[in-house]
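Open the model and keep the sequence beside it. The tour below goes from one residue outward to sheets, a core and a pocket.

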Amino acid sequence: MRYLLSLLLLLISFCGIAQTDEVPKKYVLDATQFYGSILLHNTDISHLITNHPAGVILGVSRKTYGHKEWEADFGYPDTGFTFAYQNTNNATLGEHFGLYGHYNFYLLKRNVQLRVAQGLAYNTNPYDKEDNFRNNAYGSHILSSTLLMLNYHKENIVAGLGVHAGLSFIHYSNANFKAPNTSTNTFAFNLGLNYTLDNETEYEYLNPESTGKISEPIRYNLVLRGGANESDVINMGRYGFAIVSAYADKRLGKRSAIQLGTDVFFSNFLKELIRYQSIAFPELDVAPDTDYKRVGLFLGHELFVNKISVVAQLGYYVYYPFDFEGRMYNRIGMKRYFGDKVFGALTLKSHGAKAEAVEFGIGVRL
């Protein structure tokens, strides 16, 4: 705790935030220290788990009071940004500097806070075949990162100052953009301080009139996704991919819908992997002309939050000429609607805990 107060004061000095009469803007700053362990989710990284990682998490959050209907529906969550620094205390793995967007959700009369954050992190010492060949966890400096914090959380105990304590989980991966990509997961205990700006002013939590249950006919969606990724074979090279998805969805209510559809995958990295295995591993009996395309059927769910929604899908390859990570696949991510029909999507496609690619998509909902 010895430098949490100084970090908190630094945040305060950089945040001069004005109020407006229309929608209250009340902010909370937080500074948290954590200390934990890297989990052994894959035996390939057992040589990298040598010491306990530690670090600092800084955040700025804006309170919501129900001026938009979704805020009341989700229990008046906070929105904000998080910065995280992690020292793995392992020279091979290096250090992480991450920047995230987050939501804080509240439970048990707002005494328990769950922070869900997604962003990008910079790793100081990724894999290098000459200088850092032991680091098979990260193949690139830039990583995708997910941060979860579950805390007992009390604000404004004395003159705006509060405390929180609990558990943290931080995931780092580049989603196979560049091999190797075994990734790491950090589980940690954390303790911190928070400070409420404008702590003497209280705002009322509103309960806006509900728009009621939304009833829609079945809607049809067409999505084109793309990106680039690499197989697990180091230095095989990155290749572009394209995915065409078509699915129907049916609203179950104001906030959720179920989906049923199909994906057609054009994953060019599999072309090179098929060629490589047919030459280097004849015992696998892979024909060099094996089709690299795949077709899957999936069932999904969409959670609507204002113009943003969260999607989760579980699929099964019905056309699967080349065996790569098994027939089951899953996708999770976010959509942003632009009007009633057009949306953008950012999703992670994986096979269980094994990521295959980050997908950037554009789609239409008819």
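Start with Asp 285, in a model that is predicted. Asp 285 is exposed, because its relative accessibility is 70% and the cut-off for exposed is over 50%. This residue sits in the loop between α3 (268-280) and β12 (294-305). Its phi is positive, about 60 degrees, although Asp 285 is not a glycine.

Now compare Ser 183. This residue also has a positive phi without being glycine, and the value is near 75 degrees. Is Ser 183 buried or exposed? Ser 183 is buried, because its relative accessible area is 7% and buried means under 20%. Look for Ser 183 in the loop between β7 and β8.

Stay in that loop for one more feature. Pro 180 lies there, between β7 (161-173) and β8 (184-196). The peptide bond that joins Ala 179 to Pro 180 is cis, with omega about 0 degrees.

Next, step back to the sheets. Strands of a sheet pair through backbone hydrogen bonds, and the pairing can be parallel or antiparallel. Here, eight strands form a closed barrel in the order β1-β2-β3-β4-β5-β6-β7-β8, and they pair antiparallel. On average, neighbouring strands of this sheet are turned by 25 degrees against each other, with direction ignored.

Follow this barrel from β1 (27-38). Strand β1 is mostly covered, with ten of its twelve residues buried. On one side, nine bridges link β1 to the antiparallel strand β2, residues 54-62. Gln 33 has Val 56 in β2 as its bridge partner. What does β1 pair with over eleven bridges? The partner is β8, again in the antiparallel sense. In that strand, Asn 194 stands opposite Asp 30.

Move on to β4, residues 95-107, which is joined to β5 by twelve bridges and runs antiparallel to it. Tyr 100 has Gly 119 in β5 as its bridge partner. The hairpin of β4 and β5 has four residues between the strands. Leu 108 in this hairpin takes a positive phi near 50 degrees.

From β5, eleven bridges lead to β6, also antiparallel. Leu 120 is matched with Ser 144 in β6 as its bridge partner. Strand β6 covers residues 142-158 and pairs with β7 over twelve bridges, in the antiparallel sense. Find Leu 147, which stands opposite Ile 170 in β7.

That last pair leads into the interior. In soluble globular proteins, nonpolar side chains tend to be buried together. The largest nonpolar core in this model has 18 residues. Those that touch the most other members are Ile 57, Leu 93, Tyr 100, Tyr 138, Leu 147, Ile 170 and Tyr 172. Leu 147 and Ile 170 therefore meet the core's cut-off for burial, under 20% relative accessible area. Which elements give two or more residues to this core? They are β1 (27-38), β5 (112-123), β6 and β7. The largest share, three residues, comes from β6.

Now turn to the other barrel. Eight strands close up in the order β9-β10-β11-β12-β13-β14-β15-β16, with antiparallel pairing. Neighbouring strands of this sheet are turned by 25 degrees against each other on average, direction ignored. Take one pair as an example. Strand β11, residues 256-267, is joined to β12 by ten bridges, and the two run antiparallel. Thr 262 stands opposite Leu 297 in β12.

Finish at a pocket. The second largest pocket has a volume of about 450 Å³. It is lined by 17 residues. Which of them are closest to its centre? They are Ile 214, Arg 251, Arg 255, Phe 304 and Asn 306. What classes of residue make up the lining? There are ten charged residues, four nonpolar ones and three polar ones.

Definitions and conventions: Residues are numbered from 1 along each chain as its sequence is written. This is a predicted model: local features need pLDDT of at least 70, side-chain atom pairs count only at pLDDT 80 or more; totals for chains, interfaces and linings use all residues. Side-chain values use heavy atoms; hydrogens and water are left out. On a 1 Å grid over the protein atoms alone, a cavity is a set of points where a 1.4 Å probe fits but cannot get out, and a pocket is an open set with protein on both sides within 12 Å along at least five of seven lines; lining residues have an atom within 4 Å of a point. Grid points are joined across faces, edges and corners, and a volume is the space filled by probe spheres set on the points. Ala, Val, Leu, Ile, Met, Phe, Trp, Tyr, Cys and Pro count as nonpolar, Asp, Glu, Lys and Arg as charged, and the others, Gly among them, as polar. Buried means under 20% relative accessible area, exposed over 50%, partly exposed in between (1.4 Å probe, protein chains only). Two strands pair if DSSP finds at least two bridges between them. Axes are lines fitted to C-alpha atoms, for helices over the stretch in contact, and angles run from 0 to 180 degrees between N-to-C directions. A nonpolar core is a set of buried Ala, Val, Leu, Ile, Met, Phe, Trp, Tyr and Cys residues joined through side-chain atoms within 4.5 Å.
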